Amino acid sequence: MKLLYFILACFLTGCTAPKHSHPTRQAVLTLKDAYKNAFLIGTAINPSIVSGDNQAVQEIVLKQFNCITPENVMKAAVINPQPNVFNFKPADDFVAFGEQHHLFIIGHTLVWHNQCPAWFFTNADGKPNSKQEQIERLRQHIQTVAGRYAGRVNGWDVVNEVIDDDGNYRQTSWVKAMGDGDTLVSYAFRFAAQYAPNTELYYNDFNTWKPGKRAGIVRMIKTLQQQGIRIDGVGMQGHWGLTYPDKENIEASIDAFAGCGVKVMITELDVDVLPKPDERITADPAMAVGQSQDTARKALLDPYRQELPENVQAQLAKRYADLFSIFYSRRDKLARVTFWGVHDGMSWKNNFPVRGRTNYPLLWDRQLQPKPAFKAVLSVPAQ
Ligand code: GLA
């Protein structure tokens, strides 16, 4: 009888059930489901998550995400710290974990000046490599690492962070040793295409929302394309804050990169809630500083050591909702959004740009409880 009344009531009111009781809205409890028709949802993971030592976090990863990036284990300093010394086990385990759970696997990263050993740039006599020797080092490294996982890794961050805010190449160890940036980038993508033929190949960088850097990346992509060299995507590292970058610049960069005919991804997303010690600080790991010796300044820069106040928690949730509204509205151009970690306790932001602070940049807290920001992200597609 009750059902009959309900059907009748529905009929009379045009069947406008309240929004919160919509069955599909109620059913969506995971990030990957909420965004399944939009883009992949990824996270960076470490060996304790892969092995299951950290089982609780592994469970979150498997439930919520469909894409993984290794935080460190594929970087040159870990995988090949000295000539003829290789440490493949953690990377092998990472790839096997991704395959076992049918996750989209990102390789990170082949060419980066940070976490790259000094011996990569010197020859057998201990002298700086000639350009030819450096090309050969690059080739061997890409053959060794990308070749080892060919057909298993779905996408590689081939080159990381070689362009400056003004659009010129940064004078990194790799750029200097190869003579210039265009030469480095074109050899790197050529070798990656050769040794990882069925893998997507990406350029990845921070501050990609800045107009000068945006223009430099567009120029670099077009230069590669004009030479017939394959580049499949650009990763916009999202090491961002509560108030920066602005919507317009994020959108303009997504549009500019997509306009080159490549995939666009938000990689390494986290939202810093702490004060910056210096406005000039970017996401460049080389810029990390120690804590101030001045007690007042130290406290000022690390204000939430015990807990995150509710109003800041709310700001964080709102910021995440705003960011995901941008991403969702550009879902035809975005292939993936990857967070740089699962919970606040594992974030590099506790040590950058100031070492040893308590930051709250991710969607799960230190007790592995989902934060209001999680709910905010989850609910964007249904709105
Ligand atoms: C850069 C790198 C990442 C990671 C972060 C900080 O963005 O691409 O691999 O090292 O810095 O942890």
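Guide: On a 1 Å grid over the protein atoms alone, a pocket is an open set of points where a 1.4 Å probe fits, with protein on both sides within 12 Å along at least five of seven lines. This is a predicted model, in which local features need pLDDT of at least 70 and side-chain atom pairs count only at pLDDT 80 or more, while totals for chains, interfaces and linings use all residues. Residues are numbered from 1 along each chain as its sequence is written, and side-chain values use heavy atoms, without hydrogens and water.

Visitor: Ok. What volume does the second largest pocket have?

Guide: About 320 Å³, counted as the space filled by probe spheres set on the points.

Visitor: And how many residues line the second largest pocket?

Guide: Its lining has 18 residues (each with an atom within 4 Å of a point). K75, Q115, P285, W340 and W348 are the ones nearest the centre of the pocket.

Visitor: Where's the ligand, then?

Guide: The ligand takes up the space of that second largest pocket, by the rule that more than half of its atoms lie within 2 Å of the grid points.

Visitor: Which residues are around the ligand?

Guide: Those with a heavy atom within 4 Å include H108, W112, N160, H239 and E268. K75, Q115, P285, W340 and W348 are also around the ligand, and these five names come up at the pocket centre too.

Visitor: Which polar side-chain atoms lie close to its oxygens, say of E161 or Q237?

Guide: Q237 has a polar side-chain atom 2.9 Å from a ligand oxygen, and for E161 the distance is 3.4 Å. K75 has a side-chain N or O atom 2.7 Å from an oxygen of the ligand. The cut-off for a polar contact is a pair of N or O atoms within 3.5 Å.

Visitor: New topic. How many cavities are there?

Guide: There are 3 of 30 Å³ or more, a cavity being a set of points the probe cannot get out of. The largest cavity has a volume of about 40 Å³.

Visitor: What lines the largest cavity?

Guide: Its lining includes K75, A76, T109, L110, V111 and W174. Strand β3, residues 104-111, contributes the most, with 3 residues. Strands are DSSP E runs of at least two residues, and helices are H or I runs of at least four.

Visitor: Which peptide bonds into P245 and P353 are cis or trans?

Guide: Y244 to P245 is cis, with omega near -5°, and F352 to P353 is cis, with omega near 0°. P245 is in the loop between β6 (233-241) and α12 (247-258). P353 is in the loop between β8 (334-339) and α15 (372-379).

Key. A polar contact is a pair of N or O atoms within 3.5 Å; within protein, one must be able to donate a hydrogen and the other to accept it, and residues adjacent in sequence count only if both atoms are side-chain atoms.
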